[in-house]
Amino acid sequence: MAERREYYQNEDDEVEEDEEDSGGDYKISGRDSLVFLVDASKEMFIKGEDGEPSNFDMTMQCVRSVYTSKIISSDKDLVALVFYGTEQSKNPRNSFKHVYVYHDLDSPGSQCILDIDKLLGEKGAQFAEKTMGSGETSLGDALWCCSNLYSDIKLRLSHKRLMIFTCRDEHHGGDGAKDRQARTKAADLKETGVVIDLMHLTKPGGFDVSLFFCDIVSPPEDESELGLQIEPCRKLEDLQKRVRAKELKKRSQSRLTFSLGEGVNLAVGVYVLARTATKPSAVKLHRDTNEPVRTKTRYFHAHNGGILLPNDMKRAQVYGKKQIVMEKDEVDEIKKFDDPGLVLMGFKPMDRLKLHHHIRPALFIYPEEEQISGSSCMFTALLLNCSEKNLFALCRYIPRRNTPPRFVALVPQREELDQSQTQATPPGFHVIFLPFADDIRTVDAHVGPTASDEQVDKMKEIVHKLRFKYKSDAFENPVLQQHYRNLEALALNMLEPEPIEDLTMPKVQMMDARLGPLAQEFKDLVYPPDYNPEGKPAAKPESGGGAAEKKAKVEMSEEELKNHVAKCTLGKLTVPVLKDACKQFGIRTTGTKKQELIDALTILQNLCLIN
Amino acid sequence: DVRPGALVLCMDVGFSMSNSEPGQEPSFEQAKKVIQKFVQRQVFAENKDEVGLVLFGTDGTKNGLAEDGQYENITVHRRLMMPDFELLEEIESKLQPGGQQADWLDALVVCMDLLQEETMGKKFERLNIVLLTDLNVQTSADQLDVIIDSLKKARITLQFFLPFPVDGEDRADGGGDGPGPSAAPVRPGKGLSRQQTQGLEMVKNIMTSLEEEDGLEEVYTFSDALQKLSIFKRIDRRPMAWPCHLTIGSSLTIRIVGYKAVTEEKVKKSWAIVEAQSHQRDDVKRETVYCLDDDNETEVQKDDTIQGFRYGSDIVPFSKVDEDQMKYKSDGKCFSVLGFTKQELVRCSPFMGSQVVKVFAARDDEHAAVALSALIRALDSLKMAAIVRYAYDRRSNPQVGAAFPCIKEKYECLLYVQLPFMEDLRQFTFPVLENNKKFKPSESQLSAVDALIDSMMLVEKDEDGESVDVFKVNHIPNPQFQRLFQCLHHRGVNPDDPLPPVEPWLKRDLERPQAVSARCQTPLQDVKTKFPLKVVVKKKEQKTSADVFGNQEHAFTLTSIPCEVSHFNRRSLFQVGSVNPVRDFCTLIRQKTVSFDQACQQLTHRIEQLLGNRSPEYYMKSIACIQAFRDQGAFLTGIFRSSGICSSKVKNRPSAHVELKTSCLQHALLFSDALTLISKDEVDGSTFSKQDANQVLTAFYSLQLTSFKKFV
């Protein structure tokens with residue numbers, strides 16, 4: 001996981017619409033960039049034993065999967081594909097021999113992938129031979145060329161990474177000058193913040209990093225990564241793993257003051273650790289040219305046609321037959337109770353937090369030392385104490401200006417590490433939203449007979465047979481996965497999308513096999529022989545010939561309308577009847593909501609009364 | 001389709017209701033407030049329940065049963081209909097104390113008669129009578145059994161609202177088992193009158209015979225009712241039933257019904273846009289046009305557009321039809337068990353979605369009840385939960401969620417909560433806190449926080465050693481609704497008044513309980529001294545071009561130069577008038593009667609006023625003003641001022657972006673129509689630094705361009 005995140009680390013420029021950072025000083029942190037520098041020497045094309053694909057072929061598969069993953073997870077990132085040790089040369093100023101820039105540093109699109117497809121397999125090797133060929137090697141030149149690619153980019157780059165794919169641990173056949181040049185160029189690149197990574201591929205007799213590459217690649221960032229240098233396969237596997245999920249950069253949703261009272265304030269950042277991922281929104285295109293189309297919305301006066309500016313319009317709602325008008329500002333003002341922030345109310349034992357009091361996914365807070373110094377210390381003290389005493393803090397929470405308050409429970413979470421010493425749970429408080437009285441509905445409980453011990457025990461056996469270890473990232477969203485695959489298929493001219501595995505479907509056969517006779521035994525215990533649980537309950541008796549009656553259109557007289565309005569009984573009519581009535585009285589109805597129709601008719605009737 | 005309920009509010013307005021001890025609000029006023037709040041809520045929540053209003057103790061008599069001196073002083077004020085503004089206004093102005101007394105049992109009979117008559121031939125989900133009285137009147141109990149009988153037969157439920165709590169014990173300590181401070185208005189010293197004691201016995205008698213042991217729960221005090229309107233819950237709409245089958249494997253099926261038990265209640269109605277003068281919705285037409293992103297902004301018909309999705313740097317055309325054809329298809333509603341897992345594993349996972357569903361066995365199916373009960377009990381004793389695939393219907397996306405067992409004294413059910421998909425999770429890592437030397441709190445700091453926590457516990461032990469929650473969030477009505485209803489009500493009754501301030505009780509609901517506040521004073525002071533907390537003053541950051549060119553809002557906030565729009569002094573002779581501001585301005589400059597700066601300020605003020613009106617002649621006038629600024633070499637100052645105006649607007653009303661855009665448009669018009677672009681030379685010689693001036697100019701240039709693109 002750790003490495004995968006590294007390689008796919010993404011700096012997403014797009015902030016989710018509802019995730020504005022009100023901190024104000026946030027700056028776009030730039031984009032990630034990744035250059036694949038691939039050895040195209042003869043050795044790379046040698047097929048493995050037992051018909052295993054050549055190193056070149058494997059590399060291309062790997063590059064392709066990174067490209068396709070990038071497109072979905074972080075489409076603003078830049079990638080480039082450069083070959084070295086080629087016969088042909090192709091680079092921006094054609095100043096380097098034996099370096100072939102296949103893709104310049106750019107955000108990848110469908111064409112890039114189609115281009116890479118040409119290099120795959122047996123045909124791919126032939127195509128590569130034809131277009132690039134294999135020739136002399138100068139890693140120094142190749143690195144120099146790559147550094148030019150970086151410097152030609154005018155965008156701000158946040159993360160620069162260069163990956164060398166080769167199966168040769170020794171490049172220049174003992175040419176000391178070339179080795180030196182490569183080292184110098186590598187040092188120059190590292191100087192400008194480029195991280196150089198080696199993806200050494202299988203080589204008969206083993207790949208000796210210490211021969212040459214130890215001086216080229218960037219030193220590992222910390223001790224724990226050291227081991228990975230020697231183990232190329234895992235990196236490759238990770239690279240080949242397809243990820244079809246949009247990645248988001250860690251960024252606080254907002255920064256708030258957390259007030260304990262009496263002017264004791266600390267600063268916290270609010271983070272979203274889980275949010276329902278949705279399909280990216282569609283773009284409108286012109287049918288003929290596929291050009292993107294923008295929409296403009298204008299308001300104008302229905303009678304004189306003049307354009308209405310925001311000041312020319314007010315907001316209105318109809319309640320109890322009366323239209324109430326307010327300014328736009330007033331509508332916002334109504335929602336304002338206090339300034340944004342968290343205000344501590346007090347503490348409660350954890351058992352007072354009800355599992356079923358859930359109305360929204362939780363948020364997460366972590367101290368912001370840069371806003372108020374000392375926040376982290378205070379925060380840690382609260383965290384330790386709350387977790388020690390098994391308490392949660394109850395707070396009033398106002399996320400933004402002109403937003404009404406909600407009460408939240410701050411549930412402490414101490415840092416936990418997994419076996420590999422990476423963070424499994426981060427330290428901080430979960431922010432759990434609590435329901436108000438209005439959010440809790442009165443449900444009439446169904447009271448029925450309860451099960452006997454024998455029946456319960458049988459069910460326990462069933463439960464036992466079907467137990468598994470739940471992990472929150474175990475299920476992919478089939479709707480999203482299907483969408484991404486459809487897009488891929490269309491973009492890459494595939495005949496049909498790759499099939500998805502719908503993990504949300506029960507594996508019925510496997511379950512049945514595991515249960516064996518248990519299911520039947522349980523049914524025998526709880527259901528009488530003639531009982532069919534799948535059967536629908538008796539359908540409600542239909543009123544004879546109802547359908548025909550409904551169809552018959554009944555015109556509403558003005559008198560009837562008047563009566564309905566006066567008695568507030570319009571609500572009892574069905575939507576089609578109301579629509580007909582609107583049509584009949586010549587009311588333009590834009591809405592289809594019942595209340596809108598009722599409002600329209602009510603206003604009409606009231607106007608008639610005035611006239 | 002849930003049929004609405006019918007409810008009769010029956011309020012005692014007799015003279016005893018107006019009596020009160022000194023310093024106490026009369027029962028009449030309290031009862032009136034309860035009714036007002038209730039009707040307000042019904043009107044604004046657009047509850048479909050029909051409401052009638054019967055008053056007793058009135059001077060006059062108006063009811064269907066009045067005959068031969070029977071049922072006198074009882075007035076049917078309003079028959080059953082949906083509550084509306086008229087009713088609210090009537091309660092406000094016409095609901096007055098009466099000078100008579102009437103038997104509340106008689107009034108109850110009138111209400112029953114009214115309900116019977118009005119609901120004849122119609123089917124109502126619920127029939128309810130709400131009696132608000134102080135019981136301070138002689139009643140004849142001889143008909144009691146008949147009344148109880150017919151209430152039962154007609155399935156009419158009753159609620160009583162009294163000035164005092166129903167049991168004596170409660171009366172002593174403030175009464176009610178409700179949360180929060182429920183200070184019942186007990187008549188100090190005196191206790192109850194003979195009639196009241198007798199009446200109370202009858203109330204108990206009726207309620208217990210109607211609803212057996214729970215009957216007395218439907219007797220409230222006025223103050224309780226005002227405190228928590230959730231009492232009116234029983235007339236709220238019932239959640240929709242969702243019948244489905246719970247399946248385990250291919251052969252084990254249990255018939256179930258789900259109900260949304262907890263979900264975030266949103267404001268139901270949205271705001272319509274009306275024309276500012278006529279207040280007519282039809283006067284505003286909204287038009288959306290599609291245009292290409294070229295220089296001419298060529299318009300395109302809606303039918304000539306298709307949808308596409310970004311795929312990397314490309315946009316892949318993907319029509320709606322194709323999308324529907326290719327998209328994931330769910331095979332209808334389901335509640336299928338995927339497997340069982342330890343509850344603790346699920347509890348660590350974030351919960352998704354916005355609801356909790358309670359799952360029961362199908363109604364009146366005892367076999368299903370037994371089967372589900374077996375599952376619930378098995379899960380409960382094993383501390384496990386079911387992981388299920390949940391799909392509401394054929395059109396909705398499937399979810400994966402957890403069903404937890406829930407065993408209550410009276411019922412059992414499963415609680416379903418949605419769990420995240422892999423795509424929903426964001427694996428963020430945060431720096432170490434507790435093992436970081438820099439942030440590690442000292443022992444004394446830890447104990448200070450410890451003491452603070454102890455002083456701020458919201459769960460306290462009462463005399464019997466039982467813990468009492470003094471701040472139950474789920475008993476607080478959402479203040480958003482209360483505030484909205486208050487403002488709507490106020491504006492509806494007083495269309496020209498500004499909005500009222502937030503009601504004090506509503507504010508109090510959102511504050512820390514007073515006892516806790518008092519208790520934590522000392523520990524809080526201790527924490528304050530032990531933890532140095534300092535607001536970090538940011539160095540003025542270098543402004544990047546992105547900030548300047550970013551977008552309009554940025555451009556404006558950047559140039560937030562304080563602007564004082566001085567109060568217009570009518571008595572002064574030396575000012576820029578509105579008739580011919582340019583001439584006045586020039587005169588002022590020439591005569592130097594006021595400082596140059598002041599003259600500029602005044603002219604700016606005028607421009608602002610002119611821009612406030614929207615008609616071409618005012619535009620021309622403001623253009624002339626800006627021209628004058630320019631001629632006087634004060635152009636830049638003017639720009640700064642007008643941008644100041646905008647930014648101050650933004651500051652004061654953060655939501656005023658729209659308005660801001662208007663000003664942008666106007667600026668754009670001004671620039672294009674009358675003035676050539678400002679040259680750099682004009683910047684020189686101003687009182688502002690060249691760098692600042694350049695920044696403003698670039699900001700304005702970009703603004704001009706964007707506003708043109710957007711609006712013209």
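Modeller: Welcome! Two strands pair if DSSP finds at least two bridges between them. Keep in mind that this is a predicted model.

Biologist: Thanks! Which residue of β10(B) does T295(A) stand opposite?

Modeller: Let's start with the strands. Strand β9 of chain A, residues 293–301, pairs with strand β10 of chain B, residues 284–292, in the antiparallel sense over nine bridges. Within β10(B), the residue opposite T295(A) is Y290(B).

Biologist: How many residues does the contact take from chain B, and how many from chain A?

Modeller: Both chains contribute to the contact, and the area buried between them is about 20,600 Å². Carbon and sulfur atoms give 61% of that area. In chain B, Y311(B), R426(B) and F430(B) lose the most area to chain A, together 5% of what that side buries. As for the residues in contact, the count is 212 from chain B and 210 from chain A.

Biologist: Which residue of chain A meets the side chain of E264(B) in a salt bridge?

Modeller: There are 14 salt bridges between chain B and chain A. In the one you ask about, N and O lie 2.9 Å apart. The partner of E264(B) is R360(A).

Biologist: And which helix gives the largest share of the side of chain B that touches chain A?

Modeller: Polar contacts join 75 residue pairs between the two chains, counting pairs with both residues at pLDDT 80 or more. On the side of chain B that touches chain A, the residues divide into 109 nonpolar, 40 polar and 63 charged. The largest share of that side, 14 residues, comes from residues 366–382 of chain B, helix α11.

Technical notes:
Residues are numbered from 1 along each chain as its sequence is written. Chains are lettered from A and ligands numbered from 1 in the order in which they are written. This is a predicted model: local features need pLDDT of at least 70, side-chain atom pairs count only at pLDDT 80 or more; totals for chains, interfaces and linings use all residues. Side-chain values use heavy atoms; hydrogens and water are left out. Contact means heavy atoms within 4.5 Å. Buried area is the accessible area (1.4 Å probe) that two parts lose on being put together, summed over both. A salt bridge is a side-chain nitrogen of Lys or Arg within 4 Å of a carboxyl oxygen of Asp or Glu. A polar contact is a pair of N or O atoms within 3.5 Å; within protein, one must be able to donate a hydrogen and the other to accept it, and residues adjacent in sequence count only if both atoms are side-chain atoms. Helices (H or I, at least four residues) and strands (E, at least two) are DSSP runs, numbered from the N terminus. Ala, Val, Leu, Ile, Met, Phe, Trp, Tyr, Cys and Pro count as nonpolar, Asp, Glu, Lys and Arg as charged, and the others, Gly among them, as polar.
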